[in-house]
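User: I'd like to go through this one label by label. Tell me what stands behind each term.

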Amino acid sequence: MGWDDERVREHVQRLEGLLDGLDPGAHQAVQSLVELYGEALDRIVRLAADASALAGDELVGHLLVMHGLHPETPDVRVRRALAALEGFLAKHRTSVEFAGIDGEAVRLKVATEGRAAASRPVLDAVERAALAAAPELERVEIEAPAPEKVLITLDQVRSRV
């Protein structure tokens, strides 16, 4: 078929909406089909010379995760996703440190240069990247130090007037 990743994402979104509207019998039929395809994927992974090459494809990687067949652990995938954000984070004077995985949550430590807190768009980008890399995780817990309070003395205010 030759779909690009954007078309795959759109198709998955549409499919998720359709699945939500299925009656229980149809849902069970879809589940049985998914299990059958999962078994086929397992055989492909076992026969492949390099399963990591298969996992490098976004769609195939997600299917491998869904069936518990991905050759890399979630922490390896999240760390790689964070490394890919380094340029973006540097522009925002922000750093992110992988702090671990607890159950279905990935913990990250976010710090910024200076006294400001990380902006919401930066935090959103970090969260999206982590969950895209490890879709089996349900949430991202971000630890960020509170911004330092800035004390401006009355003398400083007067000197500017």
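User: What makes the stretch around D75 a helix, and which one is it?

Analyst: D75 sits in helix α5, residues 74-84. Helices here are DSSP runs of H or I with at least four residues, strands are runs of E with at least two, and both are numbered from the N terminus. Bear in mind that this is a predicted model: local features need pLDDT of at least 70, side-chain atom pairs count only at pLDDT 80 or more, and totals for chains, interfaces and linings use all residues. Residues are numbered from 1 along each chain as its sequence is written, and side-chain values use heavy atoms, with hydrogens and water left out.

User: Why is D75 called partly exposed?

Analyst: Buried means under 20% relative accessible area, exposed means over 50%, and partly exposed is in between (1.4 Å probe, protein chains only). D75 comes out at 27%, so it counts as partly exposed.

User: Which residues does D75 touch, leaving aside neighbours within four places in sequence?

Analyst: F98 and I101. Contact means heavy atoms within 4.5 Å. As for E141, 66 residues away along the chain, its C-alpha atom is 14 Å from that of D75.

User: How do you know that β1 and β2 pair, and which way do they run?

Analyst: Two strands pair if DSSP finds at least two bridges between them. β1 (94-102) and β2 (residues 105-112) have 8 bridges, so they qualify, and they run antiparallel. One example is G100, whose bridge partner in β2 is R107. The two strands form a hairpin with 2 residues between them, and G103 in the turn has a positive phi of about 65°.

User: What is notable about phi at R93?

Analyst: Phi of R93 is near 50°, a positive value in a residue other than glycine. R93 lies in the loop between α6 (86-91) and β1. With a relative accessible area of 48%, R93 is partly exposed.

User: How many helices and strands are there overall, and in which pattern?

Analyst: The protein has 8 helices and 3 strands, following α-α-α-α-α-α-β-β-α-β-α along the sequence.

User: Why is the protein called more spread out than a compact globule?

Analyst: The radius of gyration is taken over C-alpha atoms, and the globule rule is 2.2 Å times the number of residues to the power 0.38. For 161 residues that rule gives 15 Å, while the protein has 22 Å, well over it, so it is more spread out than a compact globule. Its C-alpha atoms fill a box of roughly 75 × 40 × 30 Å along the principal axes, and 22% of the 161 residues count as buried.
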